[in-house]
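Here is a short tour for anyone about to work with this model. Have a look at the fold and the ligand, and then use the notes to find your way around.

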Amino acid sequence: MSKIGIYPGTFDPMTNGHLNIIQRALKIVDKLIIGVADNLNKTPLLSIDERKNIIENDIFSLQQNNKKIEIYPVNGLLTEFAKKCNADCIIRGLRAVSDFEYEFQMTGMNYQLSPEIETIFLMSADNNSFISSNLVKEVHKLGGDVSKFVSDNTIKILNNKNSSS
Ligand code: COA
């Protein structure tokens, strides 16, 4: 029976850390749905369309290798979205102990809302454990080189964004 996983996030923007989790999640599930959500506690720099564009570009080579990945916006509750997608599990990346409390709370809440959907955590690879979308945006805005953390296409989109603001 084929397994469907959801990888949700704000992805503002997607980083190489997220990409690493996607590559590894594809070893566990047969189809991965990337859910681009608005976290009510964050004010994204990029629109949903810009974030989707970055993800589409970044996962292109995986899709060329016949990996089944789809991207959708998530409006409303993640658990409702997961049910609509017939998902078996939610996949999340864990970078450090500091992520644990937040993830623990979200997983507990999602479990109360939909106990049939399991959450699976993947530990970030060592070289990605310090990357965060916020730090990438800050370093880029201050003129630092972020090419080790995000794709060239992402840098172009961030350049346009910063020059128009
Ligand atoms: N490597 C490096 N960095 C990583 C990473 C990895 N493997 N995985 C995550 N990150 C970073 C991101 O860059 C991001 O950094 P930032 O905090 O500087 O922005 C941070 O970790 C977490 O971002 P992300 O993975 O995009 O998740 P999020 O916390 O923004 O997403 C949602 C939260 C979208 C899953 C949650 O808000 C949600 O479910 N929303 C839908 C509404 C809902 O159901 N709410 C109730 C939830 S109980």
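The notes below cover the ligand site, the aromatic pairs, the backbone geometry and a few loop and helix positions.

This is a predicted model, so local features are described only where pLDDT is at least 70. The ligand sits in the largest pocket, and 25 residues surround it. Beyond the ligand, a search of the whole structure turns up three aromatic pairs.

**The ligand and its shell**

- Thr10, Lys42, Leu78, Ser133 and Asn134 are the closest of the 25 residues that surround the ligand.
- Two of the polar contacts use the protein backbone: a backbone N or O atom of Leu78 lies 2.8 Å from an oxygen atom of the ligand, and a backbone N or O atom of Asn134 lies 2.8 Å from an oxygen atom of the ligand.
- Arg92 takes part through its side chain, where an N or O atom is 3.2 Å from an oxygen atom of the ligand.
- How much of the ligand's accessible area does the protein cover? On its own the ligand has 960 Å² of accessible area, and the protein covers 87% of it.
- Strand 1 (4-9), helix 1 (16-25), helix 5 and helix 6 each give at least two residues to the shell around the ligand.
- Helix 5 supplies the largest share of that shell, with four residues.

**Aromatic pairs**

- A pair of aromatic rings is described by the distance of the centres and the angle of the planes.
- Of the three aromatic pairs found in the whole structure, one is formed by Phe100 and Phe104, whose ring centres are 5.6 Å apart with the planes at 25°, so this pair is stacked. The cut-off behind that label is an angle under 30 degrees.
- Phe100 and Phe104 are four residues apart in helix 5 (residues 97-113), so about one helical turn separates them.
- Are these two rings' residues buried or exposed? Phe100 is partly exposed, because its relative accessible area is 47%, whereas Phe104 counts as exposed at 56% relative accessibility. The dividing value here is 50%.
- Phe130 and Phe149 form another pair, with ring centres 5.9 Å apart and planes at 85°, so this one is edge-to-face. For that label the angle has to be over 60 degrees.
- Phe130 lies in the loop between strand 5 (118-123) and helix 6 (133-141), while Phe149 lies in the loop between helix 6 and helix 7 (152-164), so the pair ties together parts that are 19 residues apart in sequence.

**Backbone geometry to check**

- Most residues other than glycine have a negative phi, and most peptide bonds are trans.
- Which two residues does the cis peptide bond join? Asp12 and Pro13 are joined by it, with omega at about 0°. Pro13 belongs to the loop between strand 1 and helix 1.
- Asn66 is not a glycine, yet its phi is positive, at about 65°. Asn66 is found in the loop between helix 3 and strand 3, and this residue is exposed, with a relative accessible area of 68%.
- Asn86 is also a residue other than glycine with a positive phi, near 55°. Its place is in the loop between helix 4 (78-84) and strand 4 (89-94), and Asn86 counts as exposed at 58% relative accessibility.

**Other positions worth a look**

- Asn65 is in the loop between helix 3 (60-64) and strand 3 (68-74), and is exposed with a relative accessible area of 55%. Asn65 and Gln23 are 42 residues apart in sequence, and their C-alpha atoms are 11 Å apart in space.
- Leu40 lies in the loop between strand 2 (31-37) and helix 2 (48-58). With a relative accessible area of 84%, Leu40 is exposed. The C-alpha atoms of Leu40 and Thr10 are separated by 9.9 Å, with these positions 30 residues apart along the chain.
- Thr107 lies in helix 5 and is partly exposed, with a relative accessible area of 21%. Thr107 and Thr119 are 12 residues apart in sequence and 6.6 Å apart in space, C-alpha to C-alpha.

Terms used:
Residues numbered from 1 in each chain as written. Predicted model: local features only at pLDDT ≥ 70, side-chain atom pairs only at ≥ 80, totals over all residues. Heavy atoms only, no water. Phe/Tyr/Trp six-rings, centres within 6.5 Å; stacked < 30°, edge-to-face > 60°. Buried < 20%, exposed > 50% of the residue type's maximum accessible area, 1.4 Å probe, protein only. Near = heavy atom within 4 Å. Polar contact = N/O pair within 3.5 Å; in protein donor to acceptor, adjacent residues only side chain to side chain. Areas by Shrake-Rupley, 256 points an atom, 1.4 Å probe, with all protein chains shown as cover. 1 Å grid on protein atoms, 1.4 Å probe; cavity = no way out; pocket = protein on both sides within 12 Å on 5 of 7 lines; lining within 4 Å. Sits in = over half its atoms within 2 Å of the grid points.
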